[in-house]
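Let's take a walk through this structure together. Have a look at the sequence and the model first, and then we'll go from one spot to the next.

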Amino acid sequence: MAFQNPKKTLLTIFKWILICILIGILSGSASAFFLVSLEWVTQFRIQHDWLIWFLPFGGLIVGLSYYYWGESVAKGNNLLLEEYENPQKVIPFKMAPLVLLGTLLTHLFGGSAGREGTAVQMGGAIADQFTKLFKLDNTERRILIILGISAGFASVFGTPLAGAIFALEVLYFSKINFKSILLSFLVAYAAYFTVEFWQVKHTHYNIPIVPEISATTLFYVIVIGVLSGFAALLFSRSTHFWGSLFSKKIKYPPLRPFIGGIVLAMAIAGFGLTKFSGLGVPVIVDSFSNANLWYDFLLKILFTGFTLGAGFKGGEVTPLFFVGATLGSTLSLIIPLPIAFLAGLGFVAVFSGATHTPIACTIMGMELFGIQSGIFIAIACTIAYFSSGSVGIYKSQIVKGAKYKLYQKWL
């Protein structure tokens, strides 16, 4: 019965392989261009720190562009999640250039934001354009959205395994079929190798010393997981709080990032807090060898939540890495474990808690830091997942299973 029409089956397989390769090449190329552009604007800002005073005007441009041309795509990552859960219409391609421009302006003038949201939205917008080209139905559209998220995430971070799993895990897992899993891995590697082809480099992190497994070490890992979960909860609630506050107090959307930009510029320039601008990658790298101040992770939560809540564009994941790495680094002052080990655990555990994706974060940790620390990473990510509450950074994400049942009565 399964081989009644082998020609049709072969054509279907060929069609999806072709779609994956095309999405991988297009999304990977878009991410490569984005990463190069982001590095340029970041370095330009560092060399010209007076640009922070133009942050309000950059915010106004972002606000106006979305208000007049991008209202249909203003939900960003949440739109992808909503279209997956309840397919309505093809995501407009304009999502890609709008979020690219908005993110570059945010980083050029010193806003605190990430980059994964941009890559994922570009990947999702590119992928969904194949709906009409190949005349796909709503079930197949869901697969396209998975492929777009997978390609965007894998290409921007250089972690294809984690990218493939993240796309599956961040969505409503029970509706994902086996075909989606295979295709997600295929498109992730296609996007990853596309970035490699363009010779765009990713940041490398290292955990040189991994402690032996013992009751004491496991106890400290659990502590890291719990604290990372609380940090993730604070990050998610902060972002939603500022977004809600700006929406209530400022009715004209373009003014939100303008006013928010004024506050951010005064705070960052006035108090010399430029290390909290942009991605903060140098601080993340440094946290693997030097202990951070105890309030560094709190200030990154504050600045990122305020930046994104005001309407600037970017992502949350790299700031989550910042929060987790600096938290772990700070804890090295009181926890007798290697600083790089603690920073690495925090790096992925906070991400796990905020996105409800412990499997993807565990795999990412092993891709970034090596398989030797895999058991500790898995424990920290799982504990953080259960400690971070039922609401993550994506409002439209559906959380089911044990965690949902555990928290629905008290959160």
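Start with helix 1, helix 11 and helix 12 (281-287), since each of them supplies at least two residues to the lining of the second largest pocket. What you're looking at is a predicted model, by the way. Helix 1 gives the most to this lining, with eight residues. The pocket holds about 660 Å³ of space. It has 28 lining residues, and the closest to its centre are Thr42, Gln43, Arg45, Ile46 and Pro282. Sorted by class, the lining comes out as 13 nonpolar, nine polar and six charged residues.

Stay with helix 1 for a moment, which covers residues 6-47. Glu39 sits in this helix. Is Glu39 buried or partly exposed? With a relative accessibility of 45%, Glu39 counts as partly exposed. Glu39 also pairs up with a distant stretch of the chain: His107 is 68 residues apart from Glu39 in sequence, yet the two are 9.5 Å apart in space, C-alpha to C-alpha.

Helix 1 has a salt bridge to show you as well. The side chains of Lys15 and Glu140 meet with 3.4 Å from N to O. This pair links distant parts of the chain, with Lys15 in helix 1 and Glu140 in helix 7, 125 residues apart. Both partners are tucked away: Glu140 is buried at a relative accessible area of 16%, and Lys15 counts as buried at 19%.

How many salt bridges does the structure hold? There are five. One of them joins Asp296 and Lys275, whose closest N and O atoms are 3.0 Å apart. Asp296 belongs to helix 13 and Lys275 to the loop between helix 11 and helix 12, so this pair ties together parts that lie 21 residues apart in sequence. The two ends sit in quite unlike surroundings: Asp296 counts as buried, at 1% relative accessibility, while Lys275 is partly exposed, at 34%. Elsewhere, Glu83, Asp128 and Arg141 are linked in a network of salt bridges.

Right beside Asp296 in the numbering comes Phe297, in helix 13 (residues 296-310). Phe297 is buried, with a relative accessible area of 14%. Its C-alpha atom is separated by 9.8 Å from that of Phe235, although their positions lie 62 residues apart along the chain.

Now for the largest pocket, which has a volume of about 1,000 Å³. Of its 37 lining residues, Ala74, Lys75, Leu308, Gly311 and Lys313 are the closest to its centre. Helix 2, helix 3 (77-85), helix 5 (116-128), helix 10, helix 11 and helix 13 each give two or more residues to the lining. Which helix gives the most? That's helix 10, with six residues. The lining divides into 14 nonpolar, 16 polar and seven charged residues. Lys75, one of the residues closest to the pocket's centre, also meets Glu82 in a salt bridge, 3.1 Å from N to O. Glu82 is partly exposed, at 28% relative accessibility.

Some empty space is closed off instead. A search of the whole structure finds three cavities of 30 Å³ or more, and the largest of them has a volume of about 80 Å³. Its lining consists of Arg115, Val156, Phe157, His202, Thr203, Tyr205, Phe321, Phe347, Met364 and Leu368. Helix 7 (138-157) and helix 16 (358-369) are the elements that give two or more residues to this lining. By class, the lining residues are seven nonpolar, two polar and one charged.

Out on the surface, look for a nonpolar patch made of Tyr67, Tyr68, Trp69, Tyr252, Leu255, Ile259 and Val263, which together have about 690 Å² of accessible area. Helix 2 (55-69) and helix 11 (255-270) each give two or more residues to the patch. Tyr252 comes from the loop between helix 10 (215-249) and helix 11, and is partly exposed at 33%.

Finish with two loop residues. Gln199 has a positive phi of about 60° without being a glycine, and His356 also has a positive phi of about 60° without being one. Gln199 is in the loop between helix 9 (178-197) and helix 10, and His356 is in the loop between helix 15 (339-355) and helix 16. Which way does each go, buried or exposed? Gln199 is exposed at 64% relative accessibility, whereas His356 is buried at 6%.

Technical notes. Residues are numbered from 1 along each chain as its sequence is written. This is a predicted model: local features need pLDDT of at least 70, side-chain atom pairs count only at pLDDT 80 or more; totals for chains, interfaces and linings use all residues. Side-chain values use heavy atoms; hydrogens and water are left out. Patches are made of residues with over 30% relative accessible area and no salt bridge: like charges are joined within 9 Å, nonpolar side chains (Val, Leu, Ile, Met, Phe, Trp, Tyr) within 5 Å. Accessible areas come from the Shrake-Rupley method with a 1.4 Å probe; for residues, only the protein chains shown count as cover. A salt bridge is a side-chain nitrogen of Lys or Arg within 4 Å of a carboxyl oxygen of Asp or Glu. Helices (H or I, at least four residues) and strands (E, at least two) are DSSP runs, numbered from the N terminus. Buried means under 20% relative accessible area, exposed over 50%, partly exposed in between (1.4 Å probe, protein chains only). On a 1 Å grid over the protein atoms alone, a cavity is a set of points where a 1.4 Å probe fits but cannot get out, and a pocket is an open set with protein on both sides within 12 Å along at least five of seven lines; lining residues have an atom within 4 Å of a point. Grid points are joined across faces, edges and corners, and a volume is the space filled by probe spheres set on the points. Ala, Val, Leu, Ile, Met, Phe, Trp, Tyr, Cys and Pro count as nonpolar, Asp, Glu, Lys and Arg as charged, and the others, Gly among them, as polar.
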